Amino acid sequence: MNSLSVRHLLGINELNSEDIQRILSTATEFKEVLQRPIKKVPSLRDITIANLFFENSTRTKLSFELAQKRLSADVLNFSGSQSSLAKGETLVDTANNILAMKVDMVVIRHSAPGSSHFLAKRLAGFPKSKHAQIINAGDGTHEHPTQALLDAFTLQEHLGNLAEKRIAIVGDILHSRVALSNIRCLQKLGAKVSVCGPPTLIPKHIEQLGVKVYHRLQDVVNSHDALNMLRIQKERQEGSYFPGNYEYARFYGLQQQHLLGIDRPPLVLHPGPMNRGVEISSEVADRPESLILDQVENGVAVRMAVLFLLASRP
Amino acid sequence: MQSRLLWNGKHMQERIQRLAIQVLEFHAQYPNPVLIGVQPRGTFLAHRIQEALAQLAPELSWDFGLLDITFHRDDFRRRNKPAEPAATQLSVSLENRRVILIDDVLYTGRTIRAALDALQSFGRPSSVQLLVLVDRRLTRELPIQADFVGFKAESQSHQKILVEWEEFHGQDQILVANDNTP
């Protein structure tokens, strides 16, 4: 077996299917570590990681931080609003200053699509910063690779090999970085991916990614192995894409009644945070079969695998 | 890679049988030790010991586990081979138990150091013994010795000891080769 083919984790786009399988199988071993009485291993004890979160996050930030601590890394936390950014410092200067303190890895979340690519490219030109490894924790509406990996890991746990499995991503595809990363990741694992949502929230020409487009929720519920229900991203929407939450919930909110009367109802995932009563009803979110908290649990193991494999590149 | 036969399958089976008897004797003194094979290569020997024990004393049952030490190695980021974790299967707590670690070859002692570290995650054993098939006694880098030894090998550090198993390699044998890998 080889090391990962990439130095940074910028997006699923840059990974090949062997890389993805490698990350998922390593995550299985870390999931076992997380069941032990002592959930910590010393692998990354000589590594320092800075978490640069220029955009709000609860789950991803905590999950990365916990993964880093379980691997015994030293962790620096940084959030955009309390920093020199407010004084006008640029992204590259901020990153260079942090890396000058001998930091090995940077986990970055930023509202600008492509920000982690930009950073990886620019840092390569600075002698003090060129060895740093970048992990994208969400760049605007572009990619969120670790979310896609943990979704794939959770699906694999329940569906086995994802080849030929039918998986639908439902909701605000247009503003979602989870959607693009998920489409790429699932396709690289051989799954058949569909998207479903109101026409205003489905990007034009998305068929060119090889996905099937649906506009009726019940159609995808009836014909798919799993549904990934995306959040309506109010904060990214400029203008009006649907009349209101009530209408959205009525046409695209997943309800208990959608799942009744189906022999094998699809698995239900949600990357969080949930708008209860909008894209997913509380009855569906809180069913015992719901995988939403499994996703959160698996997130730590998957992020441990990513950090471990990137750090172990010779 | 040029290799030379050190011990054949018949020798190996005899020694494994003897090691199993030594484990039984240990059990007579300190009942119910936990047997733990070190992943990946210690698992073959651990399974053989388990089979031999089942034949020698079918009335006894043993706590048995496999331990992966990849995340505890001290050469992380220092070698060119990518780290490849294997499964840990350990369903019992080691708190106050006597543990017998099982590996195929004791060479520098670094694997066993990592295994001792990894064991801590499962509780505090009251004692840990080490059982190996081959003890390369001239090449130790840490103060670690085995308690139960199948064969003693006088090999040097430029050599490699290869333990092959019927269930994986096709036949039981132990070879010595000159190691040309950097």
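Student: In what sense do E1(A) and E2(A) pair, and over how many bridges?

Tutor: In this predicted model, E1(A) and E2(A) run in the parallel sense and share six bridges. Two bridges are enough for strands to count as paired, so six passes that mark. As one example across this pair, A:Thr48 stands opposite A:Asp74 in E2(A).

Student: What makes E2 and E4 of chain A edge strands?

Tutor: Start with the sheet: its order is E2-E1-E3-E4 in chain A, it's open, and the pairing is parallel. Strand E2 (74-79) and strand E4 (133-139) each pair on one side only, and that makes them the edge strands. From one strand to the next, the twist averages 15°.

Student: Why is A:Asn56 called exposed?

Tutor: Exposed means over 50% relative accessible area. A:Asn56 has 74%, so A:Asn56 is exposed. You'll find A:Asn56 in the loop between strand E1 (48-53) and helix H2 (59-70) of chain A.

Student: Why is H5(A) called oblique to H6(A)?

Tutor: Their axes cross at roughly 50° and come within 8 Å. Roughly parallel needs an angle under 35 degrees, and roughly perpendicular begins at 65. An angle of roughly 50° fits neither, so H5(A) is oblique to H6(A).

Student: Which residues make that contact?

Tutor: Among them are A:Ala148, A:Asp151 and A:Leu155 of H5(A), plus A:Val178 and A:Cys185 of H6(A).

Student: How do the residues of the contact of H5(A) with H6(A) divide into nonpolar, polar and charged?

Tutor: There are eight nonpolar, three polar and one charged. Asp counts as charged, and A:Asp151 is part of the contact.

Technical notes: Residues are numbered from 1 along each chain as its sequence is written. Chains are lettered from A and ligands numbered from 1 in the order in which they are written. This is a predicted model: local features need pLDDT of at least 70, side-chain atom pairs count only at pLDDT 80 or more; totals for chains, interfaces and linings use all residues. Side-chain values use heavy atoms; hydrogens and water are left out. Helices (H or I, at least four residues) and strands (E, at least two) are DSSP runs, numbered from the N terminus. Buried means under 20% relative accessible area, exposed over 50%, partly exposed in between (1.4 Å probe, protein chains only). Axes are lines fitted to C-alpha atoms, for helices over the stretch in contact, and angles run from 0 to 180 degrees between N-to-C directions. Angles under 35 degrees count as roughly parallel, over 145 as roughly antiparallel, 65 to 115 as roughly perpendicular and the rest as oblique. Contact means heavy atoms within 4.5 Å.
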